[in-house]
Amino acid sequence: MNPTEAPDLVTTIGLEVHVELKTNTKMFCGCPVGFGGEPNSRVCPVCLGHPGTLPTMNEKAVEYTTKIAMALGCDIAPRSVFHRKNYFYPDMPKNYQISQYDLPVGERGSLEVEVDGEFYTVGITRAHLEEDTGKSLHIGGGGRIHDADYSLEDFNRAGTPLVEIVSEPDITSPAVARAYATELRSILEYLGVSDVRMEEGSMRVDANISVAPPGERGKKVEVKNMNSLRSVFRALEYEEKRQREVLRSGGSVTQSTRHWDEKAGRTQELRTKEEAFDYRYFPEPDLVPLEPAVEWLRQLREEQPELPIERAKRYQRDLGLSSYDAGVLRSTKALGDLFEQALAAAKKADAKQVSNWVTNDLMSLLAAVPEGTKNPPLTGSNLAELVDMVAGGDLSKSQAQQVLQKTLETGRRPREIADESGIKQVSDEGALEAAIDAVLAANPDVAERLRSGDNKPFGFLMGEVMKATKGQGNPKVVSGLIRKKIS
Amino acid sequence: MGIGRQQVEHVAKLARLALTEEELNLFEGQLSAILEHAATVTKLDTEGVEPTSHSMPLMNVLRPDVVIPPIGSAAALANAPAEEDGHFRVPRILDDES
Ligand SMILES: [Zn+2]
C-alpha cells in the first residue's frame with residue numbers, strides 16, 4: 001500500500017461509570033449517607049474498619065443494583081458473591097474494598113443511545129455493587145498528592161453503596177460516549193436510585209480510549225477526572241485527536257492514565273507506578289452470597305419504569321410529537337410524568353398543545369427553579385386546566401404565561417388566579433365591537449387606507465383595540481371583526 | 001510444586017511486610033508446603049461439586065436500610081495517632097515512590 005494512503009484510524013472507547021446509590025444508609029453499616037457535613041461525622045466502627053467489626057448488607061442497595069442491572073438488560077446472576085479487593089491507600093481504612101469480582105449482580109446487558117437521529121447499541125459488560133472510599137485532602141505541595149507533606153482523611157463517604165457499570169469497548173466516537181453517559185444518567189434518574197450529580201461526584205465517569213487502524217488493537221489510555229457530561233465529550237475529543245496525531249506522525253501511543261484538565265482543555269499523563277495492580281481478590285468471608293428469589297425478581301421487573309428512550313419513541317409514534325419535543329419531555333422522569341398527567345386531565349387541549357406548554361413556557365420558567373425539571377412545582381391537573389383555558393379561548397397565550405408563573409409560585413389553581421386578578425380574554429363579539437367602533441371612529445384615515453386595500457395599518461388597529469380592551473380582547477375574534485367592518 | 005524466593009518477596013511487598021532474610025527463608029519453605037498440600041487436594045475428582053466460599057448454608061443475609069446514629073467525630077478520632085480539623089491525619093501517601 002502506498003504509505004500516503006494510510007487507512008482511516010478507528011476510535012474505540014469503553015466507559016466505566018460509578019454511581020452512588022440514594023439509600024438512607026451505607027452499604028455495610030447503618031451510618032447515614034450524605035453529601036458534605038462535618039468531616040468524620042457519619043462514621044462508625046464498621047466503616048472505620050475497626051478490628052472485630054462485621055459488615056451487613058443493605059437490602060435497599062441490593063435492590064437498587066438489581067434494578068439498574070435489569071434496566072440495562074443484564075442477566076441477573078442467580079448467585080452473586082462479594083470479594084475483597086486488597087490495596088493500601090488511606091481512603092479505605094480496612095486496606096481493602098468490598099467489591100464484586102467474578103460473580104457480579106448483572107452481566108451482558110446493552111444500552112441504546114441516539115445521536116443526531118441515529119441509534120447505537122452499546123454493550124454492558126457488567127454492573128456490580130461495591131462500597132465507595134473516603135476522601136483525601138492533600139496538604140502542602142499545592143494540594144497535589146505527589147508533592148504533599150501529608151494528607152487528611154474524611155470517612156463520611158467511605159462505605160456508601162456504589163454501583164460500577166462497565167461498558168463494552170463498543171463506543172466509536174466522543175459524541176456516542178457522551179450520549180451513552182447521558183442516557184445512563186437518565187435511566188438512573190428514572191429508576192430513582194441515585195442523585196446522579198456529576199458535580200457532586202454521585203456519578204463519575206472514567207474512559208478508556210484507543211485509536212488504531214481497522215482490525216488492529218491500539219494502546220489503551222485511561223482518562224480520568226471528567227466532571228460533567230460536557231467534559232466527557234471534550235476530554236475524549238481532545239484525546240482522540242492527540243492519539244491520531246501521534247500515530248499519523250509515525251509515533252506510538254503509550255499505555256497510560258491521563259488526567260483531564262478542564263481549564264486548560266487538555267489531558268495530562270499521570271505519574272503512575274509501572275507495576276501492574278495486584279489486588280489479590282478473594283471471596284469476602286464475612287458476607288454470604290446473594291441468591292435472588294425468582295418471585296422477588298418478578299416483582300422488581302413489574303416495578304420497572306418505562307425507560308426514557310422508550311418513552312421518547314412512544315411520544316413520537318403514538319402522540320405525533322416531534323423528536324425535539326419528545327426529547328425535552330423525556331429529559332427527566334418528573335417532566336414526562338407531568339406531561340402525561342396533564343394530557344390525561346385535559347378536556348380541550350391535545351397532546352401537541354400540552355407538549356408546547358411544557359417544552360416552551362414551563363421549561364423557561366423552571367430554569368429559574370433549582371432542580372426545577374426534576375421536581376417541577378406544578379400538578380398535572382393545574383397544567384391541564386391552564387392549557388384548556390387557552391384552548392377554550394378563556395386566556396390568551398400571554399395571559400396564560402402570567403397565570404402559569406403565579407401557579408408555579410403559589411401552587412394555586414390557574415382558574416382561581418385568573419378570576420381573582422381579573423385576567424380573562426374577551427371573546428364576546430358585542431363587547432368587542434364597541435371597542436373596535438370607537439377605535440375606527442378615532443382613526444378615520446387609517447380605516448380609509450384599509451378599505452382601499454392598504455393592509456399596512458392593520459397591526460396598528462389591532463394594537464389600539466387590544467389597548468382599549470386592556471389586553472383582554474381575543475386577538476382572533478378582534479381581527480375577524482375588524483376585517484368584517486372595513487369590508 | 002514450590003514457591004520461588006522472588007514470589008515470596010513480591011507477596012510480602014504487596015502486604016507491606018518488611019521481612020528479614022531468615023523470615024524469607026522460613027516462609028518460602030512454609031508457603032511451599034501449603035501449596036504442595038493444595039496441589040494434592042486438587043488431584044481429587046471434584047466433578048459436579050460446586051466451589052465453596054462459605055461453610056455455612058446461608059444466603060441473602062440483609063439488613064433494612066435504617067439509620068443507626070453514628071458515633072460522632074470525637075469518638076471516631078479518639079484512637080487516631082494524629083488528627084487535624086476533624087480529619088485523620090496520615091503520612092505522605094506516595095512516599096515509597098521513586
Ligand atoms: Zn458506619
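This is a conversation about how to read the contacts, pockets and salt bridges of a predicted model.

Biologist: Let's start with the two chains. How many residues of chain B are in contact with chain A?

Modeller: Contact here rests on heavy atoms within 4.5 Å. By that rule, 37 residues of chain B meet 55 residues of chain A. Together the two chains bury about 4,000 Å², and 59% of that area is on carbon and sulfur atoms.

Biologist: Which three residues supply the most of the area that chain B buries against chain A?

Modeller: They are B:Arg63, B:Asp65 and B:Ile93, which supply 18% of the area on the chain B side, more than any other three residues.

Biologist: How many salt bridges are there between chain B and chain A, and how many residue pairs in polar contact?

Modeller: The salt bridge count between these chains is zero. Polar contacts give another picture: 21 residue pairs across the interface meet that rule, with both partners at pLDDT 80 or more.

Biologist: Which helices and strands of chain B each supply at least two residues of the side that touches chain A?

Modeller: Four elements of chain B do: helix H1 (5-14), strand E1 (62-63), helix H3 (73-77) and strand E3 (87-91). The largest share comes from E3(B), with five residues. Sorted by class, the side of chain B that touches chain A has 19 nonpolar, eight polar and 10 charged residues.

Biologist: Now for empty space. How many cavities of 30 Å³ or more does a search of the whole structure find?

Modeller: A cavity is a space where a probe fits but cannot get out. The search finds one, with a volume of about 30 Å³. Its lining consists of A:Cys47, A:Met92, A:Pro93, A:Lys94, A:Glu131, A:Ala158 and A:Gly159. By class, that makes four nonpolar, one polar and two charged residues.

Biologist: And what is the volume of the second largest pocket?

Modeller: A pocket, unlike a cavity, is an open set of points. The second largest pocket has a volume of about 640 Å³. Of its 27 lining residues, A:Thr182, A:Ser186, A:Gly327, A:Arg330 and A:Ser331 lie nearest the centre.

Biologist: Which element gives the most to the lining of that second largest pocket?

Modeller: H2(A) does, with six residues. Strand E6 (106-115), helix H2 (174-191), helix H5 (308-319) and helix H6 (323-329) of chain A each supply at least two residues of the lining. The lining divides into 10 nonpolar, 10 polar and seven charged residues.

Biologist: Could we look at a single residue too? Where does A:Arg242 lie, and which residues does A:Arg242 touch?

Modeller: A:Arg242 belongs to helix H3 of chain A, residues 229-248. Its side chain makes a polar contact of 2.6 Å with the side chain of A:Glu239. Leaving aside residues up to four places away in sequence, A:Arg242 touches A:Val221, A:Val253, A:Arg258 and A:Thr267.

Biologist: Back to salt bridges: how many are there over all chains?

Modeller: The count comes to 45. One of them joins A:Asp286 and A:Arg84, with the closest N and O atoms 3.3 Å apart.

Biologist: Why does the pair of A:Asp286 and A:Arg84 tie together parts that are apart in sequence?

Modeller: A:Asp286 sits in the loop between strand E15 (282-283) and helix H4 (294-303) of chain A, while A:Arg84 is in strand E4 (residues 82-86) of chain A, so the pair links parts that are 202 residues apart in sequence.

Conventions. Residues are numbered from 1 along each chain as its sequence is written. Chains are lettered from A and ligands numbered from 1 in the order in which they are written. This is a predicted model: local features need pLDDT of at least 70, side-chain atom pairs count only at pLDDT 80 or more; totals for chains, interfaces and linings use all residues. Side-chain values use heavy atoms; hydrogens and water are left out. On a 1 Å grid over the protein atoms alone, a cavity is a set of points where a 1.4 Å probe fits but cannot get out, and a pocket is an open set with protein on both sides within 12 Å along at least five of seven lines; lining residues have an atom within 4 Å of a point. Grid points are joined across faces, edges and corners, and a volume is the space filled by probe spheres set on the points. Ala, Val, Leu, Ile, Met, Phe, Trp, Tyr, Cys and Pro count as nonpolar, Asp, Glu, Lys and Arg as charged, and the others, Gly among them, as polar. Buried area is the accessible area (1.4 Å probe) that two parts lose on being put together, summed over both. A salt bridge is a side-chain nitrogen of Lys or Arg within 4 Å of a carboxyl oxygen of Asp or Glu. A polar contact is a pair of N or O atoms within 3.5 Å; within protein, one must be able to donate a hydrogen and the other to accept it, and residues adjacent in sequence count only if both atoms are side-chain atoms.
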